[in-house]
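The exercises below go through one protein model, each with a worked solution. Try each task with the structure in view before reading on.

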Amino acid sequence: MRLRNIPGAEDMLRQFPTYVNNPAQYKGTWSDCFGNSNPIHVEIGSGKGRFINTLASRFPSTNFIAIELKAEVLYRTAQRTEQKDIPNLKLIQFDAFKITELFAPGELDRIYLNFSDPWPKKRHSKRRLTHFSFLRQYRAVLKQDGEIHLKTDNQNLFEFSLNQFANELFQLRHVSLDLHSSEQAATNVMTEYEERFSNRGQRIFRTEALCKPIAPTDKPAKDN
């Protein structure tokens with residue numbers, strides 16, 4: 001997402017009650033931060049916040065965390081929360097590759113990856129949020145049977161992601177090559193990007209990857 005620079009965005013974020021300063025202090029104790037032990041769902045790359053705000057409002061018995069690297073982008077999400085009382089939503093400015101610094105093993109129930117940067121050049125593949133190096137970080141913080149939900153308009157990224165999930169021994173389900181024509185469309189919550197792409201007639205690709213135990217005889221591919 002490209003947004004013009006917002007001077008002082010990091011300082012302005014601290015004014016919002018949903019923003020968590022120094023989030024690493026809650027590693028292993030996010031239930032204390034939320035004041036309950038409800039399931040925790042994380043969106044990596046929150047954009048303008050429509051998706052995570054909608055889910056948090058719709059499912060008050062689930063805790064939601066938006067992780068965004070850029071303060072300017074997270075500020076847009078924070079502005080949405082300012083107009084609502086959403087106690088089950090927290091906002092974090094952080095690098096997703098360091099997610100194990102934020103959460104203890106098994107602390108998360110679900111991770112959302114919505115319309116992540118496809119990084120189309122092969123030499124940039126390690127930056128893709130479904131590269132095996134990221135998937136191993138996610139596995140470290142997801143519960144057994146925890147889930148990763150992926151949506152993208154980029155077919156190359158989708159195919160790459162399916163291969164990475166398979167190589168890392170995640171179990172795939174609900175693989176859709178056209179989300180809005182599938183059974184999952186009825187419960188789908190659209191992002192800003194998704195609505196724009198859909199209005200252009202572009203297909204949306206979606207899948208869910210389950211974090212299953214790895215048997216001693218099974219090993220992820222050494223080089224994906």
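## Exercise 1: a loop residue

Ser 116 has a relative accessible area of 12% and is buried. The model that gives this value is a predicted one.

Task: state where Ser 116 is found and what it touches.

Solution.
- Step 1. Find the position: Ser 116 sits in the loop between E4 and H5.
- Step 2. Apply the cut-off: buried means under 20% relative accessible area, and Ser 116 has 12%.
- Step 3. List the contacts: residues up to four places away in sequence not counted, Ser 116 touches Leu 129 and Leu 157.

## Exercise 2: the sheet

Task: give the strand order of the open sheet of seven strands, and say which strands stand at the edges.

Solution.
- Step 1. Write the order: E3-E2-E1-E4-E5-E7-E6, with mixed pairing.
- Step 2. Take the edges: strand E3 (89-93) and strand E6 (171-176) each have a single partner strand, so one side of each has no neighbour in the sheet.
- Step 3. Add the twist: on average, neighbouring strands of this sheet are turned by 15° against each other, direction ignored.
- Step 4. Take a parallel pair: E1 and E2 are joined in the parallel sense over five bridges. Here Glu 43 has Ala 66 in E2 as its bridge partner.
- Step 5. Take an antiparallel pair: strand E5 (residues 142-152) and strand E7 (residues 205-210) share six bridges in the antiparallel sense. His 149 has Glu 208 of E7 as its bridge partner, and Lys 151 stands opposite Arg 206 in E7.
- Step 6. Move to the other partner of E7: E6 and E7 are antiparallel, with four bridges. Gln 171 stands opposite Leu 210 in E7.

## Exercise 3: covered strands

Task: for E7 and E2, work out which residues are buried on each face.

Solution.
- Step 1. Count for E7: six of its six residues are buried.
- Step 2. Split E7 by face: Phe 205, Thr 207 and Ala 209 are on one side, with Arg 206, Glu 208 and Leu 210 on the other, and both faces are covered.
- Step 3. Count for E2: six of its six residues are buried.
- Step 4. Split E2 by face: one side has Asn 63, Ile 65 and Ile 67, the other has Phe 64, Ala 66 and Glu 68, and both are covered.

## Exercise 4: helices on the sheet

Task: state which strands H3 and H5 meet, and at what angles they run.

Solution.
- Step 1. Place H3: helix H3 (residues 50-58) lies across strand E1 (40-44), strand E2 (63-68), E3, strand E4 (108-114) and E5. The angle between H3 and E2 is about 170°.
- Step 2. Place H5: helix H5 (residues 132-141) packs on the sheet and touches E1, E4 and E5, its direction making about 140° with that of E5.
- Step 3. Check burial in H5: eight of its 10 residues are buried. Among them are Phe 132, Phe 134, Leu 135 and Tyr 138.
- Step 4. Name the cover: the elements over the buried residues of H5 include E1, E4, E5 and helix H6 (155-167).

## Exercise 5: two strand residues

Task: decide whether Gln 144 and Lys 90 are buried or exposed.

Solution.
- Step 1. Take Gln 144, in strand E5. Exposed means over 50% relative accessible area, and Gln 144 has 59%, so Gln 144 is exposed.
- Step 2. List its contacts beyond four places in sequence: Gln 144 touches Cys 211 and Pro 213.
- Step 3. Take Lys 90, in strand E3. With a relative accessible area of 13%, Lys 90 is buried.
- Step 4. List contacts of Lys 90, again leaving aside neighbours within four places in sequence: they include Pro 17, Cys 33, Phe 34 and Phe 64.

## Exercise 6: a pocket

Task: describe the second largest pocket by its space and its lining.

Solution.
- Step 1. Give the volume: the second largest pocket holds about 390 Å³ of space.
- Step 2. Find the centre: 21 residues line this pocket, and Arg 110, Tyr 112, His 149, Thr 187 and Arg 206 are the closest to its centre.
- Step 3. Name the sources: H3, E4, E5, E6 and E7 each supply at least two lining residues.
- Step 4. Sort by class: the lining has eight nonpolar, seven polar and six charged residues.

Key. Residues are numbered from 1 along each chain as its sequence is written. This is a predicted model: local features need pLDDT of at least 70, side-chain atom pairs count only at pLDDT 80 or more; totals for chains, interfaces and linings use all residues. Side-chain values use heavy atoms; hydrogens and water are left out. Two strands pair if DSSP finds at least two bridges between them. Axes are lines fitted to C-alpha atoms, for helices over the stretch in contact, and angles run from 0 to 180 degrees between N-to-C directions. Contact means heavy atoms within 4.5 Å. Buried means under 20% relative accessible area, exposed over 50%, partly exposed in between (1.4 Å probe, protein chains only). On a 1 Å grid over the protein atoms alone, a cavity is a set of points where a 1.4 Å probe fits but cannot get out, and a pocket is an open set with protein on both sides within 12 Å along at least five of seven lines; lining residues have an atom within 4 Å of a point. Grid points are joined across faces, edges and corners, and a volume is the space filled by probe spheres set on the points. Ala, Val, Leu, Ile, Met, Phe, Trp, Tyr, Cys and Pro count as nonpolar, Asp, Glu, Lys and Arg as charged, and the others, Gly among them, as polar.
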